[in-house]
Amino acid sequence: MGKYRFIDEVSIIVEGGKGGDGAVHFRREKYMPKGGPDGGDGGRGGNVYFVGSSSLYSLLDFKYRRYYKAEDGENARGDLNGRKGEDLYIPVPIGTVILDEDTGEIIGEILEKGQEILVARGGEGGLGNKHFAISTARSPSKRTLGKPGEKRRIRLILKVLADVGLVGFPNVGKTSLLNALTGTGAKVGDWEFTTLSPNLGVIRSPYCEITVGDIPGIIEGASEGRGLGLEFLKHLDRVRMLMFVLDGTRDPIRQYEVLVREIGKFRGEILEKPRIVVLNKIDLLDEIPNLPFEFFPVSAKIGEGIEEIRKTLINLLCLQG
Ligand SMILES: Nc1nc2c(ncn2[C@@H]2O[C@H](COP(=O)(O)OP(=O)(O)O)[C@@H](O)[C@H]2O)c(=O)[nH]1
Ligand SMILES: [Mg+2]
């Protein structure tokens, strides 16, 4: 499906820090060359957590780094306890499901910013010899070593919002097109900014099902946060391909350019996803214009050109894998 592969699943290894070792040490007192045992305890190893981040939208970073370990606890030194190892917080995008790769168990799902899920515990610190001062052994030199941290293979899955995301300015006919393609029955002409959640529909074919998301309209300046622009734009990170919807009656070349610019400014990576361009409202045009990019001329209103898009999507997403 083109050069871009959506990174929505990765496998990594996480490991808690090792506990520090306990120490052997004897109390030093002025008139007693060798006092009782007072060796300190090792610090416990750091834990590993995943934490929800609202500025990440893909699992791409994990493609380059596969191993994450929290800090080890410090060994005790003499009668001083070792310091605890720092916990490690690994940021992941909202919508990330965390599984244990070996058991298949779902450990949890990150649903909001700041949410933390513990995935690997640090090891316990070892005990110093002060814990082993029993009466039968007046000068015990027994202590224990720190335990290793928990090590787990983790699979992260970023739940995809939709296979195809409809992108365009308000009123170009995105919702109408969604209805024409999928028969969803979403409300046409709905005020764009009242809801942040896209309408979803499904194209069913004998080969597979394709989900289509009607993403609320982008406006110029969206990448700078105008008109809730960023909230809308980030949905695009969770679709496999884009469908630009242009209004044929309103300077489509400029619409196309602004869409590319706003998306590119938001996150250039999204533009590497495969996309098709739809010129809508051709029922209002005298003739189909010549545009400097490939496009599908359609009318969502009278249903013209819809079948061609459906076939193309099935071909791209179901048959070519
Ligand atoms: N003539 C015509 N009007 C359309 C077509 N598609 C949508 N519209 C109208 O354009 C307006 C906006 O449509 P809507 O689907 O809500 O656009 P959205 O804001 O991009 O979701 C509505 O009044 C629709 O009836 C089309 O192909 N031809
Ligand atoms: Mg709409």
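These legends walk through several close-up views of a predicted model.

**View 1. Strand E8 shows one buried face and one that is not.**
Take a look along strand E8, residues 151–158, where the side chains alternate. Arg152, Ile154, Leu156 and Leu158 point to one face and are buried. Lys151, Arg153, Arg155 and Ile157 point to the other face, and these are not buried.

**View 2. Strands E1 and E5 each pair with E8.**
Here's E8 again, this time with its partners. Strand E1 (residues 9–15) pairs with E8 in the antiparallel sense, over 7 bridges. You can find Ile12 standing opposite Ile154 of E8. Strand E5 (residues 96–100) is also antiparallel to E8, with 5 bridges between them. In that pairing, Ile98 has Leu156 as its bridge partner. So which way do the side chains of these two E8 residues, Ile154 and Leu156, point? Both belong to the buried face of the strand.

**View 3. Helix H2 is largely enclosed by the rest of the structure.**
Helix H2 covers residues 174–182, and 7 of its 9 residues are buried, so there's a lot packed around it. The buried ones are Lys174, Thr175, Leu177, Leu178, Asn179, Leu181 and Thr182. What do they pack against? The list is strands E9 (162–167), E10 (199–204), E11 (209–214), E12 (239–247) and E13 (275–280), plus helix H5 (306–319). Just past the end of H2 sits Gly183, with a positive phi of about 65 degrees.

**View 4. The largest nonpolar core has 48 residues.**
Which residues touch the most other members of this core? They are Leu177, Ile210, Met243, Ile309 and Leu313. Elements giving two or more residues to the core include E9, H2, E11, H3 (229–233), H4 (252–266), E13 and H5. E12 gives the most, with 7 residues. Zoom in on Ile309: leaving out residues up to four places away in sequence, Ile309 touches Leu177, Leu181, Met243, Ile276, Val278, Phe296 and Val298. Another core, of 19 residues, lies apart from this one, and its members include Val10, Val14, Phe62 and Ile110.

**View 5. Two of the aromatic pairs, up close.**
The structure holds 4 aromatic pairs. In one of them, the rings of Phe62 and Tyr68 have centres 5.8 Å apart and planes at 55 degrees, so this pair counts as tilted. Phe62 is buried, with a relative accessible area of 4%, and Tyr68 is buried too, at 8%. Now for Phe244 and Tyr256: their ring centres are 5.7 Å apart and their planes are at 65 degrees, so this pair is edge-to-face. It links distant parts of the chain, with Phe244 in strand E12 and Tyr256 in helix H4, 12 residues apart. Phe244 is buried at a relative accessible area of 0%, while Tyr256 is buried at 16%. Ring pairs also bring in Phe293, making a cluster with Phe244 and Tyr256.

**View 6. Phe295 sits in the loop between E13 and E14.**
Strand E14 covers residues 296–297, and Phe295 lies in the loop that leads there from E13. Setting aside neighbours within four places in sequence, Phe295 is in contact with Val277, Leu279, Ile288 and Pro289. Phe295 and Val245 are 50 residues apart in sequence, yet their C-alpha atoms are 9.7 Å apart in space.

**View 7. Lys142 lies over the face of Phe132.**
Finally, a lysine and a ring: Lys142 is 5.0 Å from the centre of the Phe132 ring.

Notes:
Residues are numbered from 1 along each chain as its sequence is written. Chains are lettered from A and ligands numbered from 1 in the order in which they are written. This is a predicted model: local features need pLDDT of at least 70, side-chain atom pairs count only at pLDDT 80 or more; totals for chains, interfaces and linings use all residues. Side-chain values use heavy atoms; hydrogens and water are left out. Buried means under 20% relative accessible area, exposed over 50%, partly exposed in between (1.4 Å probe, protein chains only). Helices (H or I, at least four residues) and strands (E, at least two) are DSSP runs, numbered from the N terminus. Two strands pair if DSSP finds at least two bridges between them. Contact means heavy atoms within 4.5 Å. A nonpolar core is a set of buried Ala, Val, Leu, Ile, Met, Phe, Trp, Tyr and Cys residues joined through side-chain atoms within 4.5 Å. Rings of Phe, Tyr and Trp (its six-membered ring) pair if their centres lie within 6.5 Å; planes under 30 degrees apart count as stacked, over 60 as edge-to-face and the rest as tilted. A charge sits over a ring if NZ of Lys or CZ of Arg is within 6 Å of the ring centre and within 35 degrees of the ring normal.
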